[in-house]
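Biologist: Before we begin, could you show me the structure, so that I can follow your reasoning with it in view?

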Amino acid sequence: KTKLNGPKLLCQLKKKVEVTTLTPDLQPFSSMSWATQLPPKQLSADLGPYKSCAVVSSAGSLHRSGLGKEIDSHEAVLRFNAAPTIGYEKDVGSKTTIRLINSQVMASEEHRFLSSSLYSSGVLVAWDPAPFSADLLQWYNKTDYPIFTQYQRYRRLHPLQPFYILHPRFEWQVWLRIQENMAEAIQKNPPSSGFLGTVLMMSLCDVVHVYEFLPSQRKTELCHYYQRFHDAACTLGAYHPLLYEKNLVKRMNQGSNQDIYTHGRVTLPGFSQLNC
Ligand code: NCC
């Protein structure tokens with residue numbers, strides 16, 4: 001096994017990862033009446049291409065970053081899970097083009113997914129930690145959290161907001177890219193929303209700026225910029241292979257180390273810009 005350098009890694013991601021979403025014509029969903037709630041086209045057919053994009057991690061190190069204006073200057077902004085903008089505009093901006101949410105957020109009471117206005121701006125994209133290489137029916141019958149029932153409820157309440165579900169193949173294709181570039185065996189859990197969202201934006205944007213995924217000089221054990229909760233595992237990972245994801249992003253970064261240190265900013269090329 002050989003560790004690939006940045007350019008080779010980028011080309012592998014482009015070649016071997018497909019950002020696919022569920023569509024109503026897909027088995028076994030095609031025989032279920034609710035499947036008509038799914039968008040008829042792929043996310044990649046409906047969104048982008050965007051010139052310049054921002055991926056905003058939820059890290060505590062965004063606190064007092066003053067990056068809000070810079071983040072909002074990008075054509076499209078991706079945020080995660082329950083990360084708010086209201087009250088935090090100075091540090092994280094206010095634009096939300098896409099929100100990537102895990103199925104836990106959709107299901108847990110505390111996040112009030114069906115009723116909170118936090119989720120009502122931009123395009124929603126959901127994912128669920130599906131079993132490795134399991135087929136869609138197996139996953140459908142045994143999701144980690146009730147992503148499908150919550151999806152149907154949300155769509156009935158907010159029928160006009162675009163809402164996609166990622167194909168589980170995507171999360172495991174990304175996982176394989178991580179594993180194949182590491183010397184040791186990594187845990188067989190899907191990548192974090194942060195890395196999935198970064199790859200998703202690389203498929204839609206000419207250039208992607210990721211903020212505080214690789215921590216800046218503001219690095220802190222504060223888990224999220226929006227919560228008073230400390231845990232180093234938020235930055236280093238426990239369930240998700242987060243440290244390995246960060247290692248790959250560091251290798252693919254086309255910006256300077258100074259950008260990481262001062263802004264927590266990484267610059268990645270979109271797949272369309274690569275000559276592989
Ligand atoms: O915390 P979370 O992630 O929502 O953060 C989104 C992404 O930002 C990056 N991050 C976050 C905090 C930090 N200190 N450093 C970071 O680099 C990560 O890339 C992360 O993916 C998730 O990935 O979906 C996750 O979701 C939470 C939780 O489910 C939601 O926040 C809803 O409450 C998970 N936490 C728990 O299960 C307790 C987290 O493990 C992963």
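Modeller: This is a predicted model, and a good place to start is the ligand, where one of its oxygen atoms is 3.4 Å from a polar backbone atom of S58.

Biologist: Which side chain has a polar atom that lies 2.7 Å from an oxygen atom of the ligand?

Modeller: Side chains also take part in contacts with the ligand, and an N or O atom in the side chain of H111 is 3.0 Å from a ligand oxygen atom. The distance of 2.7 Å, which again runs from a polar side-chain atom to an oxygen atom of the ligand, belongs to N81.

Biologist: How much of the area that the ligand exposes when taken alone does the protein bury?

Modeller: Taken alone, the ligand exposes 740 Å². Of that area, the part that the protein buries is 78%.

Biologist: How do the residues of the shell around the ligand divide into nonpolar, polar and charged?

Modeller: There are 20 residues around the ligand, and N81, N102, Q104, S193 and H224 come nearest. Helices α5 (103-107), α9 (193-202), α10 (233-236) and α11 (242-252) each supply at least two residues of this shell. By type, the shell divides into seven nonpolar, twelve polar and one charged.

Biologist: Turning to another residue, is Q27 buried or exposed?

Modeller: Q27 is found in the loop between α1 (6-16) and α2 (43-46), and its C-alpha atom is separated by 31 Å from that of E109, 82 residues apart along the chain. The relative accessibility of Q27 is 58%, and a residue must be over 50% to be called exposed. Because 58% passes that cut-off, Q27 counts as exposed.

How values were computed: Residues numbered from 1 in each chain as written. Predicted model: local features only at pLDDT ≥ 70, side-chain atom pairs only at ≥ 80, totals over all residues. Heavy atoms only, no water. Near = heavy atom within 4 Å. Polar contact = N/O pair within 3.5 Å; in protein donor to acceptor, adjacent residues only side chain to side chain. Areas by Shrake-Rupley, 256 points an atom, 1.4 Å probe, with all protein chains shown as cover. Helix = DSSP H or I, 4+ residues; strand = E, 2+ residues; numbered from the N terminus. Nonpolar A, V, L, I, M, F, W, Y, C, P; charged D, E, K, R; others polar. Buried < 20%, exposed > 50% of the residue type's maximum accessible area, 1.4 Å probe, protein only.
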